[in-house]
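Here is a walk through one protein model. Keep the sequence and the 3D view side by side as you read.

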Amino acid sequence: MSNIPDADYTIRFAQCMLQDCIMLPKTLLENYHRLPMADAELLLFLRISGPLLRKGSISPDEAAAELKISREEALPLLESLLPSGVLERREEDASFHCRSLFRFLYECWLDEQRLCSPAANWERPLHRRAAAGDSLSCLGRLYRRFEAELGRTLKFSENEQIRQWLEDDGIAAELIEEALRRAVLQDKGNLAYMNSILRDWCKKGLHSLEQVQELDVKPERKKKTRNPASKAIGEAQNDDFLKQLSQIQANLYK
């Protein structure tokens, strides 16, 4: 009996394989490390990319069906893609979407177009792509730092607050990390307290860690440096006291 399949079987097999293929953006494969996204996270994303890319979102139940595991097992896997910015949680229906990822891929695509066409009008998209990539990478690093310092997984509202500080308010990542450090030292690991710290710095026109540290040093200098006028008054009072003491002693020996 021949091991070579007949032509009809080969065609049906090829059609089945083609129908079972997953469409994946080449741009993602070339740029996923910039998110930063680990190889294991990329593989997980590939496993759930079917419904995610078709609908733009995926529920824990849909992910469980794709991964052939329980919902309880699928949920922490989806949450593991939050720090890198690949997924974001939609609070109203507990599903996960990838709008930030699509925005990042769009900027990467614009960069590819610029490289293909050296026209000057592609210079600005390149800048936007670089900024988007840097922002997403920085955001992932902040998420991981917050979770490490607070010792727990961030809520959706907390992820969104950090994103707003960085992207909408334009607050430097080093200031966000410094606010986190000070809040933890004060045993106030909540974002409302950190937000008050950041707002206070913004009102004072402090936009870098160096400026904040300089402001911290000034009160110490004031403590060490006495007011010259106060010092002169104190010395004058001492002189008057010594004169009075001398006069009293003189009167005693008359």
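Helices and strands here are DSSP runs, numbered from the N terminus; a helix has at least four residues and a strand at least two. With that in hand, find D187, which sits in the loop between α9 and α10. The model is a predicted one. D187 is not a glycine, yet its phi is positive, at about 60°. Is D187 buried or exposed? Its relative accessibility is 71%, so D187 counts as exposed.

Now step back to the whole chain. The protein has 254 residues, and 33% of them count as buried. Its elements are 12 helices and three strands. Take the contacts between residues at least 6 apart in sequence: 53% of these join residues at least 24 apart.

Go next to the largest nonpolar core. This core holds 25 residues. Which of them touch the most other members? They are I48, V86, L87 and L101. Four elements each give two or more residues to this core: α3 (39-55), α4 (60-67), α5 (71-79) and α6 (99-116). The largest share, five residues, comes from α3. Look closely at L87. Setting aside neighbours within four places in sequence, L87 is in contact with I48, L52, L78, L81, L82, F96, H97 and C98. There is also a second, separate core, with 24 residues. Among its members are L139, I162, I176 and L206.

Two of the helices that feed the largest core also pack against each other. The axes of α4 and α5 come within 8 Å and cross at roughly 105°. The two helices are therefore roughly perpendicular to each other, since angles of 65 to 115 degrees fall in that class. On the α4 side, the residues that meet α5 are P60, D61, A63, A64 and L67. On the α5 side, their partners are R71, A74, L75, L77 and L78.

Look now for a second residue like D187. A94 is another residue other than glycine with a positive phi, near 60°. A94 lies in the loop between β2 (88-90) and β3 (95-97). With a relative accessible area of 35%, A94 is partly exposed, because that class runs between 20% and 50%.

Turn to α2, the helix of residues 26-31, where T27 has its place. T27 has 13% relative accessibility, so it counts as buried; the cut-off is under 20%. What does T27 touch, not counting residues up to four places away in sequence? The answer is L105, C108, W109 and E112.

Return to α9, which covers residues 173-185. Does its length fit a helix of 13 residues, and what span should we look for? At 1.5 Å a residue, α9 should span 18 Å. Its end C-alpha atoms are 18 Å apart, which agrees. The buried residues of α9 are A173, L175, I176, E177, E178, A179, L180 and A183. After the helix comes D187, with its positive phi near 60°.

Two glutamates of α9 deserve a look. E178 is found in this helix. At 8% relative accessibility, E178 counts as buried. Not counting residues up to four places away in sequence, E178 touches W201 and L209. E174 is found in α9 as well. E174 is partly exposed, with a relative accessible area of 35%. Leaving aside neighbours within four places in sequence, E174 is in contact with S208 and L209. E174 and E210 are 36 residues apart along the chain, and their C-alpha atoms are separated by 9.8 Å.

Last comes the pairing of α9 with α10. Two packed helices are described by the angle between their axes and the distance between the axes. For α9 and α10 (residues 191-203), the angle is about 130° and the axes are 9 Å apart. The two helices are therefore oblique to each other. In passing α10, α9 makes a right-handed crossing. Which residues meet here? From α9 come L175, I176, E178, A179, L180, R182 and A183. From α10 come Y193, M194, I197, L198 and W201. E178 is thus on both lists of α9: it is buried, and it meets α10.

Methods:
Residues numbered from 1 in each chain as written. Predicted model: local features only at pLDDT ≥ 70, side-chain atom pairs only at ≥ 80, totals over all residues. Heavy atoms only, no water. Expected span 1.5 Å × (residues − 1). Buried < 20%, exposed > 50% of the residue type's maximum accessible area, 1.4 Å probe, protein only. Core = buried A, V, L, I, M, F, W, Y, C linked by side-chain atoms within 4.5 Å. Contact = heavy atoms within 4.5 Å. Axes fitted to C-alpha atoms, helices over the stretch in contact; angles between N-to-C directions. Parallel < 35°, antiparallel > 145°, perpendicular 65-115°, else oblique. Left-handed = near helix turned anticlockwise from the far one by under 90°.
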